[in-house]
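Look through the structure below before reading on. The paragraphs that follow start from one pair of side chains and work outward.

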Amino acid sequence: MALSDRSRESLLPSFLYASSSSARSFAATPSRLSVPVPAPGPAAAGAGAGGGAPFSIQAPKEKIELYSPAFYAACTAGGIASCGLTHMAVTPLDLVKCNMQIDPVKYKSISSGFGVLLKEQGARGFFRGWVPTLLGYSAQGACKFGFYEFFKKYYSDIAGPEYATKYKTLIYLAGSASAEVIADVALCPFEAVKVRVQTQPGFARGLSDGLPKFVRSEGAAGLYKGLVPLWGRQIPYTMMKFASFETIVELIYKHAMPVPKSECSKMTQLGISFAGGYIAGVFCAVVSHPADNLVSFLNNAKGATVGDAVKKFGLVGLFTRGLPIRIVMIGTLTGAQWGIYDAFKVMVGLPTTGGVTPAPAEAESKASA
């Protein structure tokens, strides 16, 4: 049974986008990213005075209804692309970071760490563990972004229009935490194998031989030995990632842009997504770093406990060892993830994430309309 525009509008948490009417018009109008490219020859001379024709990536003409099954499927696919590809791209940094956490005497700094790896394993060694990284973080990204959009809508409906607007940050935090609980269950086995492959030379070449060897050594349950520390690392990270991103993007549109979000070009919106993501990533790295050290330690040593990790690192070491390289890695990673995720949403005809929150009176009027 088709929903009227008014009924459909009442299903949308109004604070998520500039207005629900603009969200509808965004979906109804095909989006495109245009990049000027040189004209191929004289035949294209009429394309314009600049001698070049616009190359456009146009969204599908069929609009995707916000919060429909197709919407969540699109967000899930965007999450796979954003997390899997970006984590795989920074595998060399992750490799050095993990080894600095496990053996700080041998891997004293970022530059010396790369030097040690190059000398001992060659250039190919920089991407050791890329397969479990790609598969694990693709699975995590699918759950993280897909379920975040679901829980954000779910908690907004529970709160109602007035409280959803008033306590939007709490909804961002609750939605992202709920999504990450699920996402880490998907990631944990791949993370366990990845850390073992990266920090124990000779253990295995990658996932295909590393996974069965790991299971033979510690049993299938051993793949989830690091789940609680992983939650301790990823849940605060993801809460900061989503809540700070949504807040930062809202502030950029409200105070730094001369025109409303709806009047900004798609490329400008994607640039804001990347900038907001990078700043959010710095905060993410700081709040989740102690648990990241624990995850690396527990997955590297058979039978290790959290107490063993605290004794080895010390309290200060838990917060600081490997932190500079992780700030660089996570800042870049998070910025790229938001950029890719929102670019994918634009390609399929959806609005970018975040925007200016309407005034409470406006939200109430929309809810009662």
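**Salt bridges and surface**

In this predicted model, E191 and R233 form a salt bridge through their side chains, at 3.3 Å from N to O. The two residues are 42 apart and link distant parts of the chain, with E191 in helix 7 and R233 in helix 9 (residues 227-256). Both E191 and R233 are buried.

R233 also meets D292 in a salt bridge, here at 2.7 Å, N to O. Because R233 sits in helix 9 and D292 in helix 10 (residues 266-300), this pair ties together parts 59 residues apart in sequence. R233 has a relative accessible area of 3% and is buried; D292 is buried too, at 1%. These residues belong to a network of salt bridges that links D94, K97, E191, K194, R233, D292 and R326.

The structure holds 17 salt bridges. Among them is the one between the side chains of E218 and K225, at 3.4 Å, N to O. E218 counts as buried at 18% relative accessibility, because the limit is under 20%. K225, with 26%, is partly exposed.

On the surface, F147, F150, Y154, I158, V181 and I182 form a nonpolar patch with about 500 Å² of accessible area together. Helix 6 (130-166) and helix 7 (168-199) each give two or more residues to the patch, and helix 6 supplies the largest share, 4 residues. I158, found in helix 6, is exposed at a relative accessible area of 57%.

For the protein chain as a whole, the secondary structure comes to 14 helices and 2 strands. Of its 369 residues, 50% count as buried.

Technical notes: Residues are numbered from 1 along each chain as its sequence is written. This is a predicted model: local features need pLDDT of at least 70, side-chain atom pairs count only at pLDDT 80 or more; totals for chains, interfaces and linings use all residues. Side-chain values use heavy atoms; hydrogens and water are left out. Patches are made of residues with over 30% relative accessible area and no salt bridge: like charges are joined within 9 Å, nonpolar side chains (Val, Leu, Ile, Met, Phe, Trp, Tyr) within 5 Å. Accessible areas come from the Shrake-Rupley method with a 1.4 Å probe; for residues, only the protein chains shown count as cover. A salt bridge is a side-chain nitrogen of Lys or Arg within 4 Å of a carboxyl oxygen of Asp or Glu. Buried means under 20% relative accessible area, exposed over 50%, partly exposed in between (1.4 Å probe, protein chains only).
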